[in-house]
Amino acid sequence: MSTSRKWYIPYVSPYDPCPPLGPISYETPVQLYLGFQPQGMEQFSPFEALAHGTLWPGLFTPYTNPYLSKRGELNTDG
Amino acid sequence: MWYYEKKLQYPVRVGICNPRMAKFLIEQYGGADGELAAALRYLNQRYTIPSRVMGLLNDIGTEEFAHLEMIATMVYKLTKDATPEQLKEAGLGEHYVDHGKSVYYHNAAGQKFDMGVQSKGDPIADLYEDIAAEEKARSTYQWIINISDDPQINDSLGFLREREIVHSQRFREAVELLKEEQSKKRVF
Amino acid sequence: MDEPTQVPDSYYSDLKALQAVDFTLVELTLYLDTHPNDLEALKQFNSTAKKSAELRDGFEARYGPLRQFGHSLSAYPWQWKDTPWPWQV
Ligand SMILES: [Fe+2]
């Protein structure tokens, strides 16, 4: 299973006017990896599908504010 | 033709009386990567796209209007009970002076909706642009979620963001269908 | 001035039940647009459409017409124009 959020650390200059914000994230949701959707993928119930915004758990990529999550675990190319 | 259905696609609840959110949400109403631009783009492109994917453009274009209505509902609910003073504090003073409490097709920075929605008439160019449009709309939803303090609005925005993911997936599949060799074309 | 009457609480749960089934139909429609030969999905689409029609009939009997231009029936007097509209509830 692929991760849907990646991080990198931008270069920090000693002359930057503001303190560095730290690692920066970007999203890599599931449609980047799935390819042509295979037949017969597992489905949500109708109510669950509405709540998730898709009928298929395999197409669901949740999102939360990255500024609220901890920035410790890095998957970075620096 | 189109028929209206007297219901939203997804329940919209606004939990916090914060008219400032309306100013941010309007980006998805009349912004370059918003729902109106998407709807008009796909419905315009459908005429000259290969038959195989005409239906998809038609249907995604139609769904975008349901999303436009959800955004308008949020904006309407956030501003309908605000006093002019509160609108001014929310950064909507200029909006109020020009448009009263009407929703209006402009972006968060107050720029009028640009009717120059691109369509190239080249199936691959158009579909790649559509994929990009979906990814841009997805990012706009992320930026609004990051700046919002209303969990109920964020719930609706989360739904809309996931719809962009599904639309992007379908447009990617449309490209694959158009790439298929004619000889290997599936039997109908 | 009379305040317009509000919808009962049941309106919201009944509406959500319909929205859930109709959302499945939206998803299956887009899916079938790119997977026209998936017979299982097609069967599911047709049976879900029947389920949606049943739910819609029940909803309209309680709260008034949902569809425009003759796709829903109206009691007397003409109900289509009645509030609340979707952006008001
Ligand atoms: Fe979309």
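## Iron site

In this predicted model, an iron ion is held by residues of chain B: Glu64(B), Glu134(B), Glu164(B) and His167(B). The glutamates bind through OE atoms, with Glu134(B) listed twice, and His167(B) binds through ND1. Distances run from 2.2 to 2.8 Å. Along the chain, the donors follow the spacing E-x69-E-x29-E-x2-H.

Two of these donors link distant parts of the chain. Glu64(B) lies in helix H4 (residues 51–79) of chain B, and Glu134(B) in helix H7 (residues 123–147) of chain B. They are 70 residues apart. Both Glu64(B) and Glu134(B) are buried.

## Largest pocket

The largest pocket has a volume of about 1300 Å³. It is lined by 35 residues. Closest to its centre are Tyr3(B), Glu5(B), Thr62(B), Glu63(B) and Ala66(B).

Three helices give two or more residues to this lining: H4 of chain B, and H1 (9–34) and H2 (39–63) of chain C. H4(B) gives the most, with 11 residues. By class, the lining has 18 nonpolar, eight polar and nine charged residues.

## Second largest pocket

The second largest pocket has a volume of about 400 Å³. Its lining comprises 13 residues, and those closest to the centre are Thr5(C), Gln6(C), Pro84(C), Gln88(C) and Val89(C).

H4 of chain B and H1 of chain C each supply at least two residues of this lining. Six lining residues are nonpolar, four polar and three charged.

## H4 of chain B

Helix H4 of chain B recurs in each section. It carries the iron donor Glu64(B). H4(B) also lines the largest pocket and contributes to the second largest.

Definitions and conventions:
Residues are numbered from 1 along each chain as its sequence is written. Chains are lettered from A and ligands numbered from 1 in the order in which they are written. This is a predicted model: local features need pLDDT of at least 70, side-chain atom pairs count only at pLDDT 80 or more; totals for chains, interfaces and linings use all residues. Side-chain values use heavy atoms; hydrogens and water are left out. Donors are N, O and S atoms within 2.8 Å of the metal (3.2 Å for Na, K and Ca); water is not among the atoms, so sites may look incomplete. Helices (H or I, at least four residues) and strands (E, at least two) are DSSP runs, numbered from the N terminus. Buried means under 20% relative accessible area, exposed over 50%, partly exposed in between (1.4 Å probe, protein chains only). On a 1 Å grid over the protein atoms alone, a cavity is a set of points where a 1.4 Å probe fits but cannot get out, and a pocket is an open set with protein on both sides within 12 Å along at least five of seven lines; lining residues have an atom within 4 Å of a point. Grid points are joined across faces, edges and corners, and a volume is the space filled by probe spheres set on the points. Ala, Val, Leu, Ile, Met, Phe, Trp, Tyr, Cys and Pro count as nonpolar, Asp, Glu, Lys and Arg as charged, and the others, Gly among them, as polar.
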